[in-house]
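User: Could you take a close look at one part of this model for me and work outwards from there? I would like a connected account that I can follow on screen.

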Amino acid sequence: METDVQLQLDAFEVTLRDIAVVGIDQLHALSVAVGWPHRESDWRMLLDLGRGIAAVDEIGRVVGSVMWFRYAPDFVKVGMLITSPRLQEQGAGRWLMQRVHELNKGSVFGLTATRAARRLYRSLGYGHEQKVLQCQGRAVVPADVRAVVAGSLRPVRPADHDALLDLDRAAVGCDRSAMFRRLLPLSTGHVLVRNGETVAFALCRQFGRGHVIGPVIAATEEDAIAVAMPHVEAHAGGFLRADTPAANAAFTGFLAAAGMQVHDTVTSMGLGRAPFRPASADGPRRMALASHTLG
Ligand SMILES: CC(C)(COP(=O)(O)OP(=O)(O)OC[C@H]1O[C@@H](n2cnc3c(N)ncnc32)[C@H](O)[C@@H]1OP(=O)(O)O)[C@@H](O)C(=O)NCCC(=O)NCCS
């Protein structure tokens with residue numbers, strides 16, 4: 001990747017480097033500096049899955065980052081855009097995004113925007129907004145929620161993996177098999193099987209301060225609650241998080257009853273078209289994201 005691109009900002013000059021060549025400890029320090037919960041192992045997983053660039057100052061400190069994940073020949077998911085607090089509001093965030101667009105010409109782009117970044121993305125042409133709720137807290141097994149759905153609920157087995165990929169592809173409109181290959185060994189999962197067909201699943205893995213439930217893919221919120229419930233039971237008393245499109249009112253209500261209150265609101269956005277397109281309006285859809293970065 002081109003590494004000699006430089007930007008002169010107010011007091012200092014920054015150079016772009018391939019993110020793969022900078023220290024993971026420096027990337028971790030950058031995300032900690034903006035209050036993000038990622039551990040080094042969360043960064044490691046993302047670095048294994050995607051590509052990215054880091055902005056480095058004159059004495060080798062990482063002061064900015066951005067990554068991208070190619071989910072389809074024509075679709076790129078962007079994430080991990082961070083500029084160090086002392087560098088912000090000088091154009092570095094915009095500059096990093098413009099480099100991502102240049103390096104992936106001809107693609108459609110999707111991302112999950114924090115409040116801090118939404119205006120920047122709008123000014124770069126991003127739209128197709130969908131509100132996403134970051135729900136988190138100390139998990140409790142909700143006393144008054146009983147997920148009574150037809151079918152049988154059981155842990156994910158290796159033989160289920162193709163069915164999970166099919167459900168995910170129907171929900172998001174692209175092939176995230178590389179992401180699943182990386183997530184599945186780190187995750188526990190539950191599937192709902194109805195009439196011999198896998199109709200919903202929920203994965204859960206360690207992330208940040210505790211565990212995150214996601215992705216959850218289902219056609220109805222009742223099915224989503226049924227597959228998510230075993231993860232709440234498994235982590236009762238621990239820190240749990242799930243990120244769900246705000247349109248999922250019943251699922252959000254379930255998360256609140258399970259101790260995961262709305263902590264923040266972010267926005268799923270697309271440049272060129274909606275980032276994720278379910279195959280059918282009443283078929284499988286994203287009930288919980290894999291993560292803000294992965295969508
Ligand atoms: C979001 C974030 C990446 C933006 O980075 P940044 O380096 O401040 O971005 P820019 O400077 O390019 O643009 C930010 C704003 O400053 C403005 N700006 C740009 N150059 C400027 C300058 N020379 N003087 C004053 N303001 C300027 C931009 O117009 C933009 O304004 P807007 O809010 O109206 O869009 C940064 O705030 C950050 O890391 N936040 C924490 C992590 C985060 O939320 N990341 C986003 C993940 S989706």
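Analyst: Happy to. Let's start at Thr198, which belongs to strand β10, the run of residues 197-207. Please keep in mind that this is a predicted model. Is Thr198 buried or exposed? Its relative accessible area is 15%, and because the cut-off for buried is under 20%, Thr198 counts as buried. Which residues does Thr198 meet once its neighbours within four places in sequence are set aside? They are Ala163, Leu167, Val191, Leu192 and Val193.

Two of those partners lead us to another strand. Val191 and Leu192 are also touched by Leu153, a residue of strand β8 (residues 152-155). Leu153 is partly exposed, at 40% relative accessibility. Beyond Val191 and Leu192, Leu153 touches Ala226, Val227 and Pro230, again without counting residues up to four places away in sequence. In that part of the chain, Ile225 is 72 residues from Leu153 in sequence, and the two C-alpha atoms are 11 Å apart.

Next comes Arg194, in strand β9 (residues 187-194). How exposed is Arg194? With 22% relative accessibility it counts as partly exposed, because the buried class requires a value under 20%. Its side chain makes a polar contact with the side chain of Asp223, at 2.8 Å. Leaving out residues up to four places away in sequence, Arg194 touches Val149, Ala150, Gly151 and Val199 as well as Asp223. For a sense of scale, Arg194 and Gly272 are 78 residues apart along the chain, and their C-alpha atoms are separated by 37 Å.

Strand β10, where we began, has a further role in the packing. Together with α1 (24-33), β4, β5 and α6 (177-183), it is included in what covers the buried residues of helix α2. That helix spans residues 40-49, and its buried residues are Asp42, Trp43, Met45, Leu46 and Leu47.

One of the covering strands, β4 (residues 62-72), holds Ser65. What is the relative accessibility of Ser65? It is 0%, so Ser65 counts as buried. The side chain of Ser65 reaches the backbone oxygen of Met80 at 2.8 Å. Outside its neighbours within four places in sequence, Ser65 has contacts with Ile19, Leu27, Leu30, Trp43, Ile53, Ala54, Met80, Leu81, Ile82 and Leu96. Trp43 in that list brings us back to the buried residues of α2, while Leu81 takes us on to the ligand, as one of the closest residues to it.

How many residues surround the ligand? There are 20, and the closest are Leu81, Glu89, Gly91, Thr114 and Arg119. The ligand sits in the largest pocket. At least two residues of its shell come from each of β5 (75-83), α3 (92-103), β6 (108-113) and α4 (115-123). Which element gives the most? That is α4, with five residues.

Several backbone atoms lie within polar reach of the ligand. Gly91 places a backbone N or O atom 2.7 Å from a ligand oxygen atom. For Gly93 the corresponding distance is 2.9 Å, and for Leu120 it is 3.4 Å. Taken alone, the ligand exposes 930 Å², of which the protein buries 73%.

Glu89, among the closest residues to the ligand, deserves a second look for its backbone. It lies in the loop between β5 and α3 and has a positive phi near 65 degrees, although it is not a glycine. Is Glu89 buried or exposed? Its 84% relative accessibility makes it exposed; note that this class takes account of protein chains only.

Two more backbone details are worth checking on screen. Most residues other than glycine have a negative phi, and most peptide bonds are trans. His128, in strand β7 (residues 127-138), has a positive phi of about 50 degrees, and it is partly exposed, with a relative accessible area of 46%. The peptide bond joining Gly214 and Pro215 is cis, with omega about -5 degrees; Pro215 is in strand β11 (residues 210-218).

Terms used
Residues are numbered from 1 along each chain as its sequence is written. This is a predicted model: local features need pLDDT of at least 70, side-chain atom pairs count only at pLDDT 80 or more; totals for chains, interfaces and linings use all residues. Side-chain values use heavy atoms; hydrogens and water are left out. Helices (H or I, at least four residues) and strands (E, at least two) are DSSP runs, numbered from the N terminus. Buried means under 20% relative accessible area, exposed over 50%, partly exposed in between (1.4 Å probe, protein chains only). Contact means heavy atoms within 4.5 Å. A residue is near a molecule or strand if one of its heavy atoms lies within 4 Å of it. A polar contact is a pair of N or O atoms within 3.5 Å; within protein, one must be able to donate a hydrogen and the other to accept it, and residues adjacent in sequence count only if both atoms are side-chain atoms. Accessible areas come from the Shrake-Rupley method with a 1.4 Å probe; for residues, only the protein chains shown count as cover. On a 1 Å grid over the protein atoms alone, a cavity is a set of points where a 1.4 Å probe fits but cannot get out, and a pocket is an open set with protein on both sides within 12 Å along at least five of seven lines; lining residues have an atom within 4 Å of a point. A molecule sits in a cavity or pocket if more than half of its atoms lie within 2 Å of its grid points.
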